[in-house]
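Trainee: I should like to learn how to read a protein model step by step. May we go through one together?

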Amino acid sequence: MIFYKGKRITVEEKGGSHDESIKAFVGGLKGYSYDGEKTCEFLKRRSPNGETYSTARKETDEPIILKGIESGEIVGDIVAEFKNADVRKKDYDNLYGKPRPSHADITRYFSCGELDFDGGGEFSGRTTVALAFAGAICLNILEENYGVKIKAYLSEVGNAKGKSYTDENFSEEEALKSDSVFLNDEIESRMKEEIKKARLDGDSVGAKAECLCFNVPRGLGGSGEDGLESKFSSGLFAISGVKGVEVGDGFGLCEMKGSEANDEICLNGGEIAFKTNRSGGINGGISNGDTIRFKVAFRPTPSIAKSQKTVDLTNMRETEITVGGRHDACFAVRAVPLVESVAGIVILDEILSGRSGSFGGIAWARREIDRLDDIIAEAYLKRCELVRKIGELKKANGVSVEDKDRERKITEGLTEKYGEGNRKTIESLYGYIFSESKSREEQILNGEPEDGEKR
């Protein structure tokens, strides 16, 4: 399953809720540091912790690094494994062919005829451990290298209200300093009581989370599907149970006039600023330098102890079920770090793709050049290895080294892809590459050792 596929960063997951393990695949972060301790601390926020709102399932969520990280450095695409240590398939034995209301069970049946719903499989919230793992790494890179900080919290749980950034007395600084998803003890008490009442009634409650992204550079994003709102929404809806996303004042803007909704532009200490932030730090899909603010709506956990109506698909008769197993009375509490993860992945992907003209400076540009040089060297050496193999095949089959038609097709194809304005650069670069390739193939055909080999 793909959680996110950006210009640079990719996040994928393989495995289901009741498989032996779940694997996370994270690409595009080569060259940065990996902090295992901070990653594990972040993952604990998503893990079950025995609270009243949390599932009784016990998973440590400690990543087993299989590939891509060596001595605290990211050296390539990352593969990490998370063992499913506390699986109880028997909890779902009575649900074969009986889709649980508001789960993906019924749509899996519509899609592929699936009848064994087995804890949700790849649709289970359990799989989001891979997203949290990727998010933990990206959030740490953002803060350590670019000064970007991201904070998410709960503003509503059921009927219990907390603080919202649309409140007049809301303080972004206060929210950032809080180490709780509830922001303060008073709010936590009210929200936990709401969750407790639902659990005792065999039910669940939904919630609204808000996210603040500080020090995001201006100029990130673009129009259409390249816009930040599009990318945030796409990533957020990949989180199980998300049913709504609004940026800035969102639906509240519908009740305003343009004169009320507009964020007037001003100067603050000689710097461009905005008198308000109703647009949520984004205009036209592009970051404006103000704090990015958005809200996420989470549905109530659909797995509840109350009796519910469904259809037994094995005999096409209506029936009633009670969902057993271990489930959150409000899974949104553990989903808050996932909101931060998506925000971090999207913002870092935009920074790494170089979309912000105002971001960086000499040190940043040199770092990017070093990173690109590493990619170029690795790709060229791989190409040389393939040239060697082609030379050996040509020698075995008596084929000529030179292939002008193929060289022309390569340069024309690249020029078409990257623009006529880059033709001279492409022809110059590939003129050298083709010359080196022919030289290597000729050495093989003539039985000569290649440059760098012992003679």
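**Surface, helix and loops**

Mentor: The protein chain exposes about 23,600 Å², and carbon and sulfur atoms supply 48% of that area. Please keep in mind that this is a predicted model.

Trainee: How many helices and strands does the protein chain have?

Mentor: Both kinds of element occur in the protein chain. The count is 11 helices and 16 strands.

Trainee: What share of the residues in the protein chain is buried?

Mentor: A residue is called buried when its relative accessible area is under 20%. The protein chain has 455 residues, and the buried share of them is 46%.

Trainee: Among contacts with a separation of 6 or more, what percentage joins residues 24 or more positions apart?

Mentor: Here one takes the contacts in the protein chain with a separation of 6 or more. Within that set, the part that joins residues 24 or more positions apart is 73%.

Trainee: Where on helix α6 do the buried residues lie?

Mentor: Helix α6 covers residues 228–236, and its buried residues are L228, K231, F232, G235 and L236. Viewed down the axis of α6, these residues fall within an arc of 125 degrees, so they line one face of the helix.

Trainee: Which helix is included in what covers the buried residues of α6?

Mentor: The cover includes the strands β1 (2–5), β9 (242–247), β12 (282–283), β13 (286–287) and β14 (292–298). The cover also includes a helix, residues 332–352, named α8.

Trainee: Is E225 buried or exposed?

Mentor: E225 lies in the loop between β8 (207–214) and α6. A residue counts as exposed over 50% relative accessible area. E225 has 71% relative accessibility, and therefore it counts as exposed.

Trainee: Which residues does E225 touch, leaving out those up to four places away in sequence?

Mentor: E225 can first be placed relative to G285: the two are 60 residues apart in sequence, and their C-alpha atoms are 8.7 Å apart in space. The residues that E225 touches, once those up to four places away in sequence are left out, are S230 and K231.

Trainee: What is the phi of N215?

Mentor: N215 is also placed in the loop between β8 and α6. At 55% relative accessibility, N215 counts as exposed. N215 is not a glycine, although its phi is positive, at about 60 degrees.

Trainee: Which residue in the loop between β15 and β16 has a positive phi although it is not a glycine?

Mentor: The loop in question lies between β15 (308–312) and β16 (317–321). The residue is exposed, with a relative accessible area of 58%. Its phi is about 55 degrees, and the residue is M316.

Terms used
Residues numbered from 1 in each chain as written. Predicted model: local features only at pLDDT ≥ 70, side-chain atom pairs only at ≥ 80, totals over all residues. Heavy atoms only, no water. Helix = DSSP H or I, 4+ residues; strand = E, 2+ residues; numbered from the N terminus. Buried < 20%, exposed > 50% of the residue type's maximum accessible area, 1.4 Å probe, protein only. Contact = heavy atoms within 4.5 Å. Areas by Shrake-Rupley, 256 points an atom, 1.4 Å probe, with all protein chains shown as cover. Arc of directions from axis to C-beta.
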